[in-house]
Amino acid sequence: PDLTPDPRTIAQHFGRGSTTFFRARLALEEFWAALRDDPEVRLKRELWDGLLREAYGGAEVGGDGLFLQHTYLTAVVKAIASRVLDLPVEDAASVLSGSALAEAGIHGAVEADFFDWPLRDPRGAPLIRLIARQVARFRLRDVEADVLKTLYESLIDPDDRKTMGEYYTPDWLAFRVVAAAVDRPLEQRVLDPACGSGTFLFH
């Protein structure tokens, strides 16, 4: 069915307790076991870890489990971006690289990054297509709440959240800050250097 979800529905279908996440996590663990010594995959993992250490003041927080979790989250978010714009989601490489958005005239919103590594396994593209098809069941263009924040919160392990000092801006506060600070959103440039799931950008 073509459903208009609320944030809790998205978390139920794609969050930590969902069947989609469970299956994807098992598949990603298999891919990682097969690809962890691939030079390109290893480089992406090391670059991700380096940026994470920089963000967290040199602390070692980037384990393999978190890398796989971020890979899954990225696939879901990029599929959501494609779905919101009614773009096709059958080409896994196009979804992950953002080329479909670029072809639609939207540049810089979604780009190739550390998390396209599953495509180096023959089973990777079918997994990304499966995630994208699950996302495509929802009428995301009509959503009026920050589903990405709820999804991200639902995926982060509570212990990891404490270790990493993850805190989320409540929607009511983000709304009030944006209303006070951004009076011409189509004319102003706004920088949120710690945007996380993009709550301020959403509002």
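Tutor: Welcome! A residue counts as buried under 20% relative accessible area, as exposed over 50%, and as partly exposed in between (1.4 Å probe, protein chains only). This is a predicted model, in which local features need pLDDT of at least 70 and side-chain atom pairs count only at pLDDT 80 or more, while totals for chains, interfaces and linings use all residues. Residues are numbered from 1 along each chain as its sequence is written, and side-chain values use heavy atoms, leaving out hydrogens and water.

Student: What is the relative accessible area of Ala-93?

Tutor: Ala-93 sits in helix α5, residues 92-97; helices here are DSSP runs (H or I, at least four residues; strands are E, at least two), numbered from the N terminus. In space, its C-alpha lies 7.7 Å from that of Asp-116, although the two are 23 residues apart in sequence. Ala-93 is classed as partly exposed, and its relative accessible area is 40%.

Student: How many helices does the chain have?

Tutor: From the N terminus on, the elements run α-α-α-α-α-α-α-α-α-α-α. There are 0 strands, and the number of helices is 11.

Student: Which helix has the lowest confidence in the chain?

Tutor: The predictor's confidence in each residue is its pLDDT, on a scale from 0 to 100. The chain averages 83, and 88% of the residues score at least 70. Where pLDDT is low, the predicted coordinates should not be read in detail. Confidence is highest in α2, at 95, and lowest, at a mean of 68, in α9 (residues 158-164).

Student: How are α4 and α8 oriented to each other, roughly parallel or roughly antiparallel?

Tutor: With axes fitted to C-alpha atoms over the stretch in contact, and angles running from 0 to 180 degrees between N-to-C directions, α4 and α8 (residues 147-155) pack at about 160 degrees with their axes 11 Å apart. Angles under 35 degrees count as roughly parallel, over 145 as roughly antiparallel, 65 to 115 as roughly perpendicular and the rest as oblique. Therefore α4 and α8 are roughly antiparallel.

Student: Which residues of α8 make the contact with α4?

Tutor: Contact here means heavy atoms within 4.5 Å. On the α4 side it is made by Gln-69, His-70, Tyr-72, Leu-73, Val-76, Val-77 and Ile-80, and on the α8 side by Leu-148, Leu-151, Tyr-152 and Leu-155.

Student: Why does the salt bridge of Asp-64 and Arg-36 tie parts of the chain together, and how many residues apart are they in sequence?

Tutor: A salt bridge needs a side-chain nitrogen of Lys or Arg within 4 Å of a carboxyl oxygen of Asp or Glu, and this pair meets at 2.7 Å, N to O. Asp-64 lies in α4 (residues 64-84) and Arg-36 in the loop between α2 (19-35) and α3 (39-55), so the bridge joins parts whose separation in sequence is 28 residues. Both partners are partly exposed, Asp-64 at 26% and Arg-36 at 36%. To repeat the separation, it is 28 residues.

Student: Which residues are linked with Arg-36 and Asp-64 in a network of salt bridges?

Tutor: The count for the model comes to 15 salt bridges. Joined to Arg-36 and Asp-64 in the network are Arg-45, Asp-49 and Arg-53.

Student: Is Asp-121, which forms a salt bridge with Arg-123, buried or exposed?

Tutor: The closest N and O atoms of Asp-121 and Arg-123 are 2.9 Å apart. Arg-123 is partly exposed at 38%. Asp-121, at a relative accessible area of 8%, is buried.
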